Each structure stands twice: as C-alpha cells, then as structure tokens.
Amino acid sequence: MLKVERWSPEGQNLSFATFQFSSAATDGETIMIEANLLESLGQVSASETGQVFRDFLRGHVREMICEVMAAEVTQLCGPKHDPSPSEHYRAGSSSGRVLYEGEREDVVRPRVRQKSGDGSSREVELATYRVAKDPQQLQEQIVQAIVSGVSARGVEEIKPNSPGVKKSNVSRLWQEAGSKFVEQLRDKNLRSVMWCALMLDGVRLSKDQTAVVALGIDSEGRKHVLDFALGSSESLEVSRELMSRIVRRGFTCEHRLFVVLDGSDALRGAVVEFFADAVIQRCLVHKERNIKGKLSKRHWGEVSRLFTRLRSVQGIEAAEEVFGDLRAFLEPINAEAYRSLHEAGDDLLALHRLNVPSTLHRSLLSTNAIENSFLNTRRKLGRVTRFRAETDQATRWLSYALLEAEKGFRRISGHSFLPTLIAALARPSANPE
C-alpha cells in the first residue's frame, strides 16, 4: 500500500516539501525522497505544480509495482543466485500494462513458467500483475461518471488514456452495473423484518412510463424501499403486480397493516386484495391540495389553518370536531370542495381513530416520507433525456436512484411511539360462541 505524507521542514520555505513513500515490496523499508523542485510557489502555476507532482508520484508507483512483482518472482523461484528446486522457474520478461487511477501505465513484467509432470510447462500469471491491471477501479469510475450525467460517448473524452472507454463498452458496462442495482433492490430479505406500515405512490418517468413505488416502515421506524412496478399509469394491474411481488418476497405483518395512500383507487384496491383488514390512511397533504384547487385563494388560509389543527389533535373525538369545522366552512362556499372532503370517507381520520400519540402524525398522516425520496430520485433521473420503453433502461436507472435515495433515509418522527401504534393495530380476537 502506498502511503503519502506531506510535511514542512522547520525553517525552510519549500513549494514542494518532503514526501514519504512506504512500500510493502521493501519489507517495511521507508524511502525518503526530497522533492525540492521549486524555490518559490510563484515560479509556476498551481496546475503545473500539481501535474509535476502527479507525474512524480506516478513514476514511483510504477517502480513499486515492479518491485512487488520481482518479490513475488523471488518467492516462487528463489533468489537469482540460488534458485529453489521448485517447479517454477524464471522465463525472462516482456512488456505489460497496469492501471493507475484508471489510466494505462507501461511496465516490464517478469515471466514465470511452471513445469508439468509430463515435461511440458505453462506460464504462470503473477498475482501482483493481475491485481495491478484489474479494471475494477476504472469500471467504478466509469459508472460514477455515467450516473453523474456524462454520456457514454463523453467518457472517452474525459479518460482518453484508459482502456475500454469506447461508447459500446461503456454502454455494456452500465447495463451490467444497472442490472446489479436491480438485483440489490429486489433481493432484499423482507421476511426478516417486522413491518409496521406501508406507503405506495407513483412517480412519472415519461409520458409513457409511470412507476408505482412501495416504501415500508419497520417496527423501529426505519424506512426501506421495497420494490417498484412499471406501467403506463397507476393502474390496478401495475399496483397488483407490485403488491404480489413484495408479498412473495416475505412482506407481511402479524397485526393489521397500516397503509398511507394518496387517494388512488387502484392502489387502494391492490392493498385490500392482499391485506383485507389493512387500516388505510388518506394523505392529508394531498386532500388539502385537492380542496384548495377548487377554492378561491382568499379561502386558502382558513383551509390551511383547519388542516393544521387536524394534523395536531389526538384522538377521534378531537379529529371529528375539526372535521365538522371543515365541513361547516366548505358547505356554504363551494359544493365541489365539500364533496371532495367527504369523498375520502373514513380513510381521512384512520390514524386518529387508533388514538395514537400525535407525535406520529407528522410521519403517518401523509405520504411525505415517500414523496421526499422521489425528490432525490428525480435529481438522479433528471439526467436521462429519454427512457426507452422497449428496454430495461428505466428499471436500471430507477433501481439506482431509489437505492441512492435510501442511503439518506432516517427513522420517522415519533418512532419511539410505534409500539403504541402496533398495539392499536392488533387484530381483534374472535368472539366466543
């Protein structure tokens, strides 16, 4: 392993100070290199100084790789002056290439052959040479460039000295990496988690493709992206496909499932099909937005005030009182808004009916938890100008974006009160006959 330390000798003003290199090939020996290249920083630009250092460092890395390969040859064949009686022997050298920071470096690699019992021999690839030319680091850099918005053709422009950066190779590499993202998302073990709640919502990728995404909340308040299904809209078939897949993978709970939806009949129908006794909460944020869309702006302030009260009160009695005030406010001013309020039915006050602490309301009275993940998802997907429906392009990109969004997940607000919610969701015992 290469270790670089920069330090400034006392009493000296050097633009390039001393760098210390430690090489495993030297068996712990420390190589001190005094790099007094410039007397003052003003003689060359910062970029030129950096390039001098990078070239300097690259040369020493190349030397160290050669030293490590030579040490492996000695281990296999013994010292040159006293070869071991093993079946390995030196076979000269040849030109080779290794990768450093994703770019080719020419080296002279030693060759070793191994004798066989029948008198023939075969060449042995040095483990150190195999590691030094391993393209994994370069592949990771290419994938990172792609997800950062660099086109497949543009990768060759930013890494002209790297192998395998042709447009076709980059596209193939991204397909392979994207497939791993899909596997990572859909191979999660859902059986080992105690689930408490589920959120479903759709995100539009293009005019022809919409993804329905499932987000689960476990008993400790942690959020997990479960899966998604693609279709032209949030249809019942797409929602049923998603629910069927996560149930087959082990998504279940011993109590009634608490589900938060935005009001889609298709999503509700799919949930009830697999969890008939689920407690479904209608998203208050979506409902408030729908009602405001039917009202003049002069009424928006009062609607916001009443919905804020509804989100803060605890228990069904207090919630029904606020709901009555909403009904009394809307009935005389707008019939459509009044009808929209009643359209949600019992789903609008489902969480209040469970009489759980109001600290859980912030997280479980709306689909904000999944909507916020969509914000990060859209930032990643915004770099894609066109989704090709005839390929799995959308599946690969959406898997990557959702996994990236999941990295920033925190536990929901009020997670310490989830045991109270789980107790309230217990299935009622059967009445004795």
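This briefing describes the fold of one chain, the packing of some of its helices, two buried sites and its cysteines. The structure is a predicted model, and its secondary structure comes to 16 helices and 11 strands. Of the 433 residues in the chain, 44% count as buried. Among the contacts with a sequence separation of 6 or more, 58% are between residues that lie 24 or more positions apart.

**Helix α11 and helix α8**

- Helix α8, which covers residues 284–292, and helix α11, which covers residues 335–343, have axes that come within 9 Å and cross at roughly 165 degrees. Because of that angle, α8 is roughly antiparallel to α11, angles over 145 degrees being counted in this way.
- The crossing in which α8 passes α11 is right-handed.
- On the α8 side the contact is made by K287, N290 and I291, which meet A337, S340, L341 and E343 on the α11 side. Sorted by class, the residues of this contact are 3 nonpolar, 2 polar and 2 charged.

**Helix α11 and helix α10**

- Helix α10, made up of residues 316–330, also packs with α11, at an angle of about 155 degrees and with the two axes 8 Å apart. The two helices, α10 and α11, are therefore roughly antiparallel to each other.
- The crossing in which α10 passes α11 is left-handed, whereas the crossing of α8 with α11 is right-handed.
- From α10, the residues F323, L326, R327 and L330 meet A337, Y338, L341 and H342 of α11. This contact divides into 6 nonpolar residues, 1 polar residue and 1 charged residue.
- A337 and L341 of α11 appear in the contact with α8, and A337 and L341 also appear in the contact with α10.

**L284, a buried residue of α8**

- L284 has its place in helix α8, and with a relative accessible area of 0% this residue is buried.
- When neighbours within four places in sequence are left aside, L284 is in contact with F307, L310, R311, L348, L365 and S366.
- One of these partners, L348, is 64 residues from L284 in sequence, yet the C-alpha atoms of L284 and L348 are 7.0 Å apart in space.

**T367, a buried residue in a loop**

- T367 lies in the loop between α13, residues 361–364, and α14, residues 368–381. Although T367 is in a loop, it is buried, with a relative accessible area of 0%.
- Not counting residues up to four places away in sequence, T367 touches M199, D201, V260, L261, D262, C283 and H286. Of these, H286 falls within the span of α8, residues 284–292, while C283 is itself counted as buried, at 0% relative accessibility.

**Cysteines**

- In general, a disulfide is a covalent bond between the sulfur atoms of two cysteines. A search of the whole structure finds 0 disulfides.
- For C253, the closest cysteine sulfur is that of C196, and the separation of 8.1 Å is too far for a bond, since a disulfide is counted here when the two sulfur atoms are within 2.5 Å.
- C253 counts as buried, at 11% relative accessibility, because the limit for a buried residue is under 20%.

Technical notes
Residues are numbered from 1 along each chain as its sequence is written. This is a predicted model: local features need pLDDT of at least 70, side-chain atom pairs count only at pLDDT 80 or more; totals for chains, interfaces and linings use all residues. Side-chain values use heavy atoms; hydrogens and water are left out. Axes are lines fitted to C-alpha atoms, for helices over the stretch in contact, and angles run from 0 to 180 degrees between N-to-C directions. Helices (H or I, at least four residues) and strands (E, at least two) are DSSP runs, numbered from the N terminus. Angles under 35 degrees count as roughly parallel, over 145 as roughly antiparallel, 65 to 115 as roughly perpendicular and the rest as oblique. A crossing is left-handed if the near helix is turned anticlockwise from the far one by less than a right angle, and right-handed if clockwise. Contact means heavy atoms within 4.5 Å. Ala, Val, Leu, Ile, Met, Phe, Trp, Tyr, Cys and Pro count as nonpolar, Asp, Glu, Lys and Arg as charged, and the others, Gly among them, as polar. Buried means under 20% relative accessible area, exposed over 50%, partly exposed in between (1.4 Å probe, protein chains only).
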